[in-house]
Amino acid sequence: MAKRFIFLPNQSKNLKFGEASFEILSDFLINLNIRNKDKLSNLSRYSGDFKDKRLIECIFLVTEELRLDPLVGYHAVEILERFMIKHLEDLFSTPHTPAGAAGAHEGNYADLVYEKLSEKFHLILLSCVQIASKLSLHSAVVDNNTAAQFLHSMGHSVSKQTIMDMELMILKALDFRLNTPNPLTYVEILLEVLGHNDSSIPVEHLHHLSRHVLQFTYLQRTAIYDSLLKATTQCLSPSDEQRKTFVSVTEDCMLLGVGVIAVGAYILNVTNWEQVVEELSHITGISVKSISDFTHVTLMHITKNNSPMVTAT
C-alpha cells in the first residue's frame with residue numbers, strides 16, 4: 001500500500017518544488033505543524049501590525065527590483081515582523097528613554113520611538129531583504145555593495161558600515177534564529193503532500209496558480225481577514241475582543257496555506273474540488289468548513305464582490 005500523509009506530531013531542507021523525497025516531506029510537515037502551533041501560542045500584541053499592504057508591496061517590489069526569488073520576499077516579511085516586534089517590546093519594556101525624552105510623558109515617548117524608527121525604517125527593511133537573500137539556496141545574495149547602491153538609488157546615502165551594523169542588530173535581536181517558515185513554504189509543502197496522496201491532482205499547474213493566489217491574498221490580507229471575521233462572527237461590526245481573539249486566525253500559516261491551495265484548485269476548475277478540500281483537511285486537521293469559508297471569502301475579493309458573508313451557516 002502506498003504511504004499516505006497525515007498530520008502527525010524535523011528537519012527541513014531548502015529544495016525546489018517537486019524535489020523532496022517522502023522522508024524529507026514527512027519531516028517538513030511535522031516541523032511546520034510544530035512551528036505553526038508554537039507561533040500561535042506565543043502571539044504578541046503587535047502580531048500582524050507589520051503586514052500592512054503597503055509594507056508587503058514594498059518588500060515584494062524590492063525583491064523584484066533586485067531580481068530575487070519570490071521566497072526571499074515572504075521570508076523578509078517574516079524577519080521584519082519578528083525583529084520589529086522584539087525591538088518594540090524591548091523599547092517599551094525597559095525604563096530607559098532615548099536622548100531628549102527625559103521627563104516626557106509615555107505618549108510622547110512612544111511618539112519619539114516611532115519617529116526614530118521611521119527615520120531608519122528604509123534601512124531596516126532592506127537589511128531584512130538582505131538577510132533573507134542569504135538564506136535561500138536558489139536566489140542571488142544581496143551584498144553590502146548592492147545594498148548601498150540600491151539605497152542610494154532610492155535617495156538614501158548609507159555607508160556599508162551602517163548597513164553591516166543594522167544587519168548585525170537584527171541578527172542579535174533574533175538570536176540568529178532566522179529559518180522561520182514563511183507562507184510560501186507552507187503552500188509548497190502542502191501541495192507536494194497533496195500530490196503524493198492523490199496523483200490525480202494537477203499539482204504542477206496548481207503550484208503556479210497558488211503562488212499568484214498567495215501573493216494576492218498576502219497583499220489583501222487585511223480586507224480578506226476582515227471579511228472572514230465578519231462571516232465567522234455573523235456580525236458587521238465585530239467587537240475589539242472578537243478582533244483580538246481572531247488574531248490567532250490571521251496568523252495561522254497552515255490555514256492560509258490550505259486556503260490558498262483550495263482557492264487555486266477552484267479557479268483551476270479541478271473537477272474533484274471537494275475531494276481536494278477534504279484531503280487538505282485530512283492532512284492538516286483543519287475543518288472542511290474553515291477551508292471552504294476561507295475559499296469563499298478570498299474568491300469574493302478576487303472577483304471584487306466584497307459583501308461580507310454574514311448569512312453563512
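This note goes through the pocket, the cavity, the nonpolar core and the salt bridges of a predicted model.

1. The largest pocket is a useful place to begin, and the space in this pocket comes to about 750 Å³. Its lining is made up of 25 residues, and those closest to the centre of the pocket are D38, K39, N42, R82 and T180. Two elements, α1 (22–40) and α3 (70–93), are the ones that give two or more residues to this lining, and the largest share, six residues, belongs to α3.

2. As to the character of that lining, a count by class gives ten charged, nine nonpolar and six polar residues for the largest pocket.

3. The largest nonpolar core takes in 93 residues, and the ones with the most contacts inside this core are I124, V129, I170, L194, I261 and L280. Helix α3, which also supplies the largest share of the pocket lining, gives the most to the core, with twelve residues. As general background, nonpolar side chains in soluble globular proteins tend to be buried together.

4. L280 offers a closer look at the contacts of one core residue: once its neighbours within four places in sequence are left aside, L280 is in contact with L194, V258, I261, A262 and I291. Of these partners, L194 and I261 are themselves listed among the core residues with the most contacts.

5. Turning to charged pairs, a search of the whole structure finds 13 salt bridges. One of them joins the side chains of K51 and E251, with a distance of 3.3 Å from N to O. K51 belongs to the loop between α1 and α2 (53–65), whereas E251 belongs to the loop between α11 (240–250) and α12 (253–267), so this salt bridge ties together parts of the chain that are 200 residues apart in sequence. Both residues of the pair, K51 and E251, are buried.

6. Two further salt bridges can be set beside that pair, and each of them lies within a helix. In α3, D90 and K86 meet through their side chains at 2.8 Å, N to O, and because they are four residues apart in this helix, about one helical turn separates them. Both are partly exposed, D90 with a relative accessible area of 34% and K86 with 31%.

7. The second of these is found in α10 (residues 221–233), where D226 and K230 are four residues apart and therefore separated by about one helical turn; their side chains meet at 3.1 Å, N to O. Here D226 is partly exposed, at 23% relative accessible area, whereas K230, at 18%, counts as buried because the cut-off for that class is under 20%. Elsewhere, salt bridges that share partners join K39, K51, E78, E81, R221 and E251 into one network.

8. The largest cavity holds about 70 Å³ of space, and its lining brings back some residues already named, since K51, P183, Y218, R221, Y225, T250, E251, D252, C253 and L256 line this cavity. The elements that give two or more residues to the cavity lining are α10 and α12. By class, five of the lining residues are nonpolar, one is polar and four are charged. K51, R221 and E251, which appear in this lining, are also members of the salt-bridge network.

Methods
Residues numbered from 1 in each chain as written. Predicted model: local features only at pLDDT ≥ 70, side-chain atom pairs only at ≥ 80, totals over all residues. Heavy atoms only, no water. 1 Å grid on protein atoms, 1.4 Å probe; cavity = no way out; pocket = protein on both sides within 12 Å on 5 of 7 lines; lining within 4 Å. Points joined across faces, edges and corners; volume = space filled by probe spheres on them. Nonpolar A, V, L, I, M, F, W, Y, C, P; charged D, E, K, R; others polar. Core = buried A, V, L, I, M, F, W, Y, C linked by side-chain atoms within 4.5 Å. Buried < 20%, exposed > 50% of the residue type's maximum accessible area, 1.4 Å probe, protein only. Contact = heavy atoms within 4.5 Å. Salt bridge = Lys/Arg side-chain N within 4 Å of Asp/Glu carboxyl O.
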